[in-house]
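Trainee: I should like to learn how the packing of helices is read from a model. May we study an example together?

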Amino acid sequence: MTDLATRPADVVTASGGRRLRQGGGGPRAGTVAAFLTPFFLPFVLFYLVPVGYALWQSFRVVRRTGGQYGTSYTTFGGFEQYVKVFQNDEFWSSIGRIGLFGIVQVPVMLFVALIIALLLDTPLLRFKGFFRITAFMPYAVPGVIAAIMWSYLYSPQLSPVVDLLNGIGLHPDFLGPSAVLWSAANVSTWLWTGYNMLIMYSALQSIPQELYEAAKLDGASNWAIAWRVKVPIIAPSIVLTTVFSIIGTLQLYAEPAVLRQISSNISSTFTPNMLAYTVASGNNYQQAAAISVVIAVITFVLSFGFMRLTSKKAGL
């Protein structure tokens, strides 16, 4: 027979209710830790540690004793690497180029994604599953493969699209100096529209049908329901996709790097990420680390600032 004195007794609260005396917290905490460890361990090893190492490297410089061919050593240099970054004209050119890219490409991509999501959510559309998979399918293609596919369509020597346009009197130069940035933007739009569409479409699926029925009873058309009911409700999802797009824009690398193989109008410093890679390829890891940190700070400021701005407008 179990000794009642050894069992955790119920404790009577001031309100007359009962709660169990706390016990066994150790095993419960151990269970929580066991579930969280598979996430936190890779997060620390593959995110926090590399970020910390890059930050540490950005404050170091390489010095030489005995002239250009003397012995080199690495020492603490303060903000010297950051001063070089802000004095680098190629860095500012890449920032301006990627800023123009984001101002045009991000709104176009998100608008197309929103239109597709609204069309998929309308009750008038048939074969929704087919169209949803078709719109999302480009996201399943790796970015490098997508850029290679589009490079064939852009190449004057290989592209059937260029041949067709030349045949009707148009002579496009998708890889020319004034068009190559937008050719890369087209690849990114094709690649990421389906991903953003799926986020918006998922938000639309969570809207209660009663709202639509009430709007129809008030005489609202499908167009009015879409823009006056659906879009305001899924505004947080639109903000989320915008933040993701801002981050992705500043990380742009694969598309211009692949197109650079067939176009001389894309330099090795075309985007900030390409500049950091080029500098690192020259064994100047400290300068590359400083560029990476600056890109990360700009990304944080823009994404966080956009979230704050939209939150204030929404009254949150």
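Trainee: At what angle do the axes of helix 8 and helix 9 cross, and within what distance do they come?

Mentor: Please bear in mind that this model is predicted. In general, two packed helices are described by the angle between their axes and the distance between the axes. Here, the axes of helix 8 (residues 209-217) and helix 9 (residues 222-233) cross at roughly 140° and come within 10 Å. Helix 8 is therefore oblique to helix 9, and their crossing is right-handed.

Trainee: Which residues of helix 8 and helix 9 meet?

Mentor: A general idea helps first: an α-helix has 3.6 residues a turn, so residues three or four places apart point the same way. In this case, helix 8 contributes L211, Y212, A215 and K216, while N222, I225, V229, K230 and I233 come from helix 9. Sorted by class, this contact has 6 nonpolar, 1 polar and 2 charged residues.

Trainee: How do helix 3 and helix 10 pack?

Mentor: Helix 3 (residues 89-121) packs with helix 10 (residues 235-250) at an angle of about 145°, and their axes are 10 Å apart. The crossing is right-handed. Among the residues in contact are F101, G102 and M109 of helix 3 and T241, S245 and L250 of helix 10. By class, the contact has 8 nonpolar, 6 polar and no charged residues.

Trainee: What span should helix 7 have, and where does helix 7 bend?

Mentor: The 26 residues of helix 7 (residues 180-205), at 1.5 Å a residue, should span 38 Å; the end C-alpha atoms are 38 Å apart, so the two values agree. Helix 7 bends by about 40° at W192.

Methods:
Residues are numbered from 1 along each chain as its sequence is written. This is a predicted model: local features need pLDDT of at least 70, side-chain atom pairs count only at pLDDT 80 or more; totals for chains, interfaces and linings use all residues. Side-chain values use heavy atoms; hydrogens and water are left out. Helices (H or I, at least four residues) and strands (E, at least two) are DSSP runs, numbered from the N terminus. The expected span of a helix is 1.5 Å times one less than its number of residues. The bend at a residue is the angle between axes fitted to the seven residues ending there and the seven starting there. Axes are lines fitted to C-alpha atoms, for helices over the stretch in contact, and angles run from 0 to 180 degrees between N-to-C directions. Angles under 35 degrees count as roughly parallel, over 145 as roughly antiparallel, 65 to 115 as roughly perpendicular and the rest as oblique. A crossing is left-handed if the near helix is turned anticlockwise from the far one by less than a right angle, and right-handed if clockwise. Contact means heavy atoms within 4.5 Å. Ala, Val, Leu, Ile, Met, Phe, Trp, Tyr, Cys and Pro count as nonpolar, Asp, Glu, Lys and Arg as charged, and the others, Gly among them, as polar.
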